[in-house]
Amino acid sequence: MSEAAVVDNALVEACGHAAHEANRAFSRQLGDISHPTWDNLGPDAKRIVRQAVIGILYRDDAPTQSHAAWVGAMEAQGWRLGPVKDTGLKTHPCLVPFDQLPIEQQCKDQLFFDIVKHTARAMTRRPGLGG
């Protein structure tokens, strides 16, 4: 992000909320019911989502870069690679490079990216919303 860029926090929040809920719905269709709603998401998880949105909107991060940043943020919080997602043990099977993810997880990362981009596009074209 350039030093001159000013982050629109309302836009970041709206995009993060929309992308998280879309990913939650997508994950449920795949049988993963572990994702809480945005309103029940913890502050650390919300911070990771917001940072991903900032990367997409202000640095033009691609899904591969966004995923790599997510892996780094999760590892910084003590998560490690494991066969299943376990919040107690802090293990997650997606703590691998993007190209090693199963296709459905790559699609989920692409969905997040697309929702962020399209939510921002729609909001910045409407007076009084995010722009």
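Reader: Which element gives the most to the lining of the second largest pocket?

Author: This is a predicted model. The second largest pocket holds about 200 Å³ of space, and its lining includes Glu104, Gln105 and Lys108. Helix H4 runs over 103–124. With 3 residues, the element that gives the most to this lining is H4.

Reader: How do the residues of the lining of the second largest pocket divide into nonpolar, polar and charged?

Author: Among the lining residues are Leu30, Pro93, Cys94 and Pro102, together with Asp32, Lys85, Glu104 and Lys108. His35, His92 and Gln105 also belong to the lining. The division is 4 nonpolar, 3 polar and 4 charged.

Reader: What is the volume of the largest pocket, and which residues lie nearest its centre?

Author: The largest pocket has a volume of about 770 Å³. Its lining comprises 29 residues, which divide into 13 nonpolar, 11 polar and 5 charged. The elements that contribute two or more residues to it are H1, H2, helix H3 (63–76) and H4. Nearest the centre lie His35, Ala45, Trp70, Met74 and Lys85.

Reader: Which helices each supply at least two residues of the largest nonpolar core?

Author: This core has 16 residues. Those with the most contacts inside it are Leu11, Cys15, Val49, Val53, Ile56, Phe112 and Val116. The helices that each supply at least two of its residues are H1 (9–29), H2 (43–58) and H4 (103–124).

Reader: How many residues are in the second, separate core?

Author: Apart from the 16-residue core, there is a second one that includes Ile48, Val71, Met74 and Leu95. Of these, Ile48 is a buried residue of H2, and Met74 is among the residues nearest the centre of the largest pocket. The number of residues in the second core is 5.

Reader: Which elements do the buried residues of H2 pack against?

Author: The buried residues of H2 are Lys46, Ile48, Val49, Ala52, Val53, Ile54, Gly55 and Ile56. Among them, Val49, Val53 and Ile56 are listed with the most contacts inside the largest nonpolar core. The elements against which the buried residues of H2 pack are H1, H3 and H4.

Reader: How far apart are the end C-alpha atoms of H2, and what span should its 16 residues have?

Author: At 1.5 Å a residue, the 16 residues of H2 should span 22 Å. The distance between its end C-alpha atoms agrees with that expectation, because it too is 22 Å.

Reader: Which phi does aspartate 60 take?

Author: Helix H2 covers 43–58. Aspartate 60 comes just after H2. Its phi is positive, at about 55°.

Reader: Is serine 27 buried or exposed?

Author: Serine 27 is found in helix H1. Leaving aside neighbours within four places in sequence, serine 27 is in contact with Asp32, His35 and Lys108. Those three residues also line the second largest pocket. The relative accessibility of serine 27 is 2%, which lies under the 20% cut-off, so serine 27 counts as buried.

Reader: Is leucine 89 buried or exposed?

Author: Leucine 89 is found in the loop between strand S1 (80–81) and strand S2 (91–92). The C-alpha atoms of leucine 89 and threonine 119 are separated by 34 Å. The relative accessible area of leucine 89 is 54%, over the 50% cut-off, and therefore leucine 89 is exposed.

Key
Residues numbered from 1 in each chain as written. Predicted model: local features only at pLDDT ≥ 70, side-chain atom pairs only at ≥ 80, totals over all residues. Heavy atoms only, no water. Core = buried A, V, L, I, M, F, W, Y, C linked by side-chain atoms within 4.5 Å. Buried < 20%, exposed > 50% of the residue type's maximum accessible area, 1.4 Å probe, protein only. Helix = DSSP H or I, 4+ residues; strand = E, 2+ residues; numbered from the N terminus. 1 Å grid on protein atoms, 1.4 Å probe; cavity = no way out; pocket = protein on both sides within 12 Å on 5 of 7 lines; lining within 4 Å. Points joined across faces, edges and corners; volume = space filled by probe spheres on them. Nonpolar A, V, L, I, M, F, W, Y, C, P; charged D, E, K, R; others polar. Expected span 1.5 Å × (residues − 1). Contact = heavy atoms within 4.5 Å.
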